[in-house]
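This report describes the ligand environment, the metal site and selected charged pairs of one protein model. The sequence and the structure are shown first.

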Amino acid sequence: MSHGNAHHILRDTFGYTAFHGAQQAIVEHVVAGGDALVLMPTGGGKSLCYQLPALLRAGVGIVVSPLIALMQDQVDALKQLGVSAAFLNSSLDAGAAREVYRQIHRGELKLLYVAPERLMTEGFLELLEGLEQDNNIALFAIDEAHCVSQWGHDFRPEYRALTVLHERFPNVPRIALTATADAPTRREIIERLALEQAQQFVSSFDRPNIRYRVALKDNARKQLQSFLESEHPDDAGIVYCLSRKKVEETAAWLKEQGWDALPYHAGLDAAVRSKNQKKFLREEGVIMVATVAFGMGIDKPNVRFVAHLDLPKSMEGYYQETGRAGRDGLPANAWMAYGLGDVVSMRQMLLSGDAPEERKRVELQKLDALLGFCESTACRHQTILRYFGEEHPGDCGQCDNCLAPVDTWDATEAARMALSCVYRTGQRFGVAHLIDVLLGKATPKVEQFNHQQLSTFGIGKDLVQQQWSSVYRQLVAAGFISVDMEAYGGLKLTETSRPVLRGEQEVWLRRDADPAQRKSSKAERGSRMREAFAGANEDPLWQALKAKRMELAREQGVPPYVIFHDSTLLEMLNQKPHTLDEMGRISGVGQAKLAKYGDAFLQVVEDVANGVAT
Ligand code: ADP
Ligand code: ZN
């Protein structure tokens with residue numbers, strides 16, 4: 001293939017004006033025949049890194065992906081760009097698969113997506129060898145390359161066999177891509193895929209368009225409701241819960257409140273799951289209430305928020321789950337409600353599982369890192385990046401901690417009282433009772449255990465209930481107190497609490513904002529989102545553009561974002577193009593889409609300007 005260089009294709013086919021980040025360097029490297037390992041966060045623009053080189057090199061680019069459910073959408077999106085593409089996986093019937101094989105033989109395809117198990121069949125490898133003899137394989141792209149790692153939860157044994165690509169096709173460039181950043185996984189990818197010679201392209205894993213917030217839980221449903229109402233009245237998003245039961249209850253409750261919410265978890269019928277997933281992808285403004293089973297392979301670009309009603313299990317989990325928001329680069333929210341109960345129940349769950357001791361220890365450490373993040377008073381972006389070994393240049397200025405800096409207070413005395421109360425009551429009671437004792441409340445339970453006799457009875461009257469609860473939450477989160485499995489979740493002291501009890505160690509805790517204060521800053525918090533969509537939701541042109549997009553998507557049975565991304569529609573809204581030429585200059589409008597949809601969207605702009613009802 002000889003026409004054009006990378007920039008021309010970027011502009012004419014994809015409709016983009018510039019490369020993002022390392023894209024250009026990666027494209028050039030692969031076009032020249034080099035192997036590459038690409039580490040880029042979700043939304044960083046990985047697809048272009050293999051799609052564009054495939055268009056520039058002779059032959060077909062073979063894309064290995066474990067995400068069968070997504071192949072159809074990816075191929076549809078390429079076809080919209082005028083690129084001939086197809087996929088091969090178990091969802092195709094024999095006739096359709098034969099047609100794809102014919103296209104391969106005729107050399108008609110520029111991109112072919114295959115499931116790893118299909119690729120590894122001897123028949124398919126021989127087919128590839130035939131192509132290779134005529135120099136007709138442009139490249140191999142190995143997407144979701146972290147699937148070779150047996151430590152991750154996305155492990156795919158077939159990925160291990162992919163070294164065969166290197167052995168049998170040493171002259172075809174390979175590009176492996178992943179959004180999983182940690183060093184052990186990276187090492188494993190290099191080793192397992194024989195990528196020692198590959199050039200590594202490591203991007204920053206910051207997601208600047210995501211605003212992270214951790215809210216203290218008091219009434220989680222009410223908090224979620226007000227978050228949705230004030231910031232995401234019409235948006236698509238994901239609400240994560242820990243258990244299947246809670247997923248179903250929350251989805252049902254949201255529905256009662258008038259939200260377009262659906263449940264998703266591994267216990268649902270496969271048919272129901274795929275129906276709900278499809279609805280989430282193809283319609284607008286659907287809220288998916290889900291366990292983490294709903295995850296990999298959600299590449300809907302305009303997920304505007306991810307809400308956690310329960311704690312994720314680790315920082316890795318938190319980063320991945322929140323990372324599904326804002327893939328299109330537009331502002332998105334990651335919001336989590338978190339409280340003492342979550343700390344206790346997560347610890348309990350990990351401890352009571354039947355994983356081997358060693359594994360439990362690792363999992364507890366990971367949970368501790370996450371709790372540290374929740375309690376942190378530093379910039380969220382900085383805290384996340386530091387966990388992954390990257391320095392963030394400064395405060396983001398957008399997260400909850402940056403917007404409303406959190407005070408800390410010297411809680412050394414309070415911590416001693418709280419710990420001592422755990423000790424005096426025999427290390428087997430829950431927080432509610434401990435606080436009653438500290439506050440000197442003569443409840444029936446206090447009397448039953450004769451706890452009004454204790455030296456800690458009533459010593460904590462300087463603080464109120466809520467403050468003690470905050471102290472205990474932070475002491476548990478920091479690991480001074482652990483959850484006793486034998487005593488039904490009673491709290492007990494850990495070794496690290498000794499220096500505190502003896503007065504040898506200071507304890508500084510965050511001062512939780514009181515609910516009234518939290519409310520006052522709410523308006524400000526939503527402002528950035530509103531700015532980006534600058535009143536779009538009330539603008540009739542925005543609604544008309546979206547309606548046109550939905551109409552075209554329905555006609556073709558594809559998700560709306562396959563026609564145009566939100567960012568492209570937003571640009572139309574702001575530029576109000578009057579000619580095809582102007583339309584063609586909008587980012588995301590390439591030649592194929594301009595020819596197909598240019599007139600239709602120009603008409604919408606004109607009609608709305610003239611007050612014609614659409
Ligand atoms: P990833 O696979 O890394 O999550 P994608 O390949 O899905 O990312 O790209 C993320 C978003 O960025 C998509 O909406 C894509 O169309 C857009 N995009 C990618 N590269 C560019 C670019 N150079 N200019 C404008 N938009 C881009
Ligand atoms: Zn910040």
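Which side chain has an N or O atom 2.8 Å from an oxygen atom of ligand 1? In this predicted model, the side chain of His565 provides such an atom. Lys46 also has a side-chain N or O atom at 2.8 Å from an oxygen atom of ligand 1. The backbone takes part as well: a polar backbone atom of Ala18 lies 2.8 Å from a nitrogen atom of ligand 1. On its own, ligand 1 would expose 560 Å², and 85% of that area is buried by the protein.

The shell around ligand 1 comprises 14 residues, of which Tyr16, Gly43, Ser47, Arg327 and His565 approach nearest. By class, the shell contains four nonpolar, eight polar and two charged residues. His565 is thus named twice, among the nearest residues and as a side-chain partner of a ligand oxygen atom.

The second site holds a zinc ion, ligand 2, coordinated by the SG atoms of Cys379, Cys396, Cys399 and Cys402 at 2.3 to 2.4 Å. Along the sequence, these donor residues follow the spacing C-x16-C-x2-C-x2-C. Why is the arrangement around the zinc ion described as tetrahedral? The four donor atoms subtend angles of 103 to 120°, and the criterion requires all angles to lie between 85 and 135 degrees. Among the donor residues, Cys402 has a relative accessible area of 19% and is therefore buried, since the limit for that class is under 20%.

Charged pairs form the next topic. Side chains of opposite charge can pair when their charged atoms come close. How many salt bridges does a search of the whole structure find? The search returns 32 salt bridges, including the three tabulated here.

| Salt bridge | N to O distance |
|---|---|
| Arg11 and Asp12 | 3.2 Å |
| Arg106 and Glu99 | 3.5 Å |
| Arg549 and Glu284 | 2.9 Å |

Accessibility adds detail to two of these pairs. Arg11 is partly exposed at 47% relative accessibility, and its partner Asp12 is partly exposed at 22%. In the pair of Arg106 and Glu99, Arg106 has a relative accessible area of 46% and counts as partly exposed, while Glu99, with 31%, is also partly exposed. These assignments follow because the partly exposed class lies between the buried limit of under 20% and the exposed limit of over 50%.

Note on methods. Residues numbered from 1 in each chain as written. Chains lettered and ligands numbered in written order. Predicted model: local features only at pLDDT ≥ 70, side-chain atom pairs only at ≥ 80, totals over all residues. Heavy atoms only, no water. Near = heavy atom within 4 Å. Polar contact = N/O pair within 3.5 Å; in protein donor to acceptor, adjacent residues only side chain to side chain. Areas by Shrake-Rupley, 256 points an atom, 1.4 Å probe, with all protein chains shown as cover. Nonpolar A, V, L, I, M, F, W, Y, C, P; charged D, E, K, R; others polar. Donors = N, O, S within 2.8 Å, 3.2 Å for Na, K, Ca; no water. Tetrahedral: all angles 85-135°; square planar, octahedral: opposite > 155°, others 65-115°. Buried < 20%, exposed > 50% of the residue type's maximum accessible area, 1.4 Å probe, protein only. Salt bridge = Lys/Arg side-chain N within 4 Å of Asp/Glu carboxyl O.
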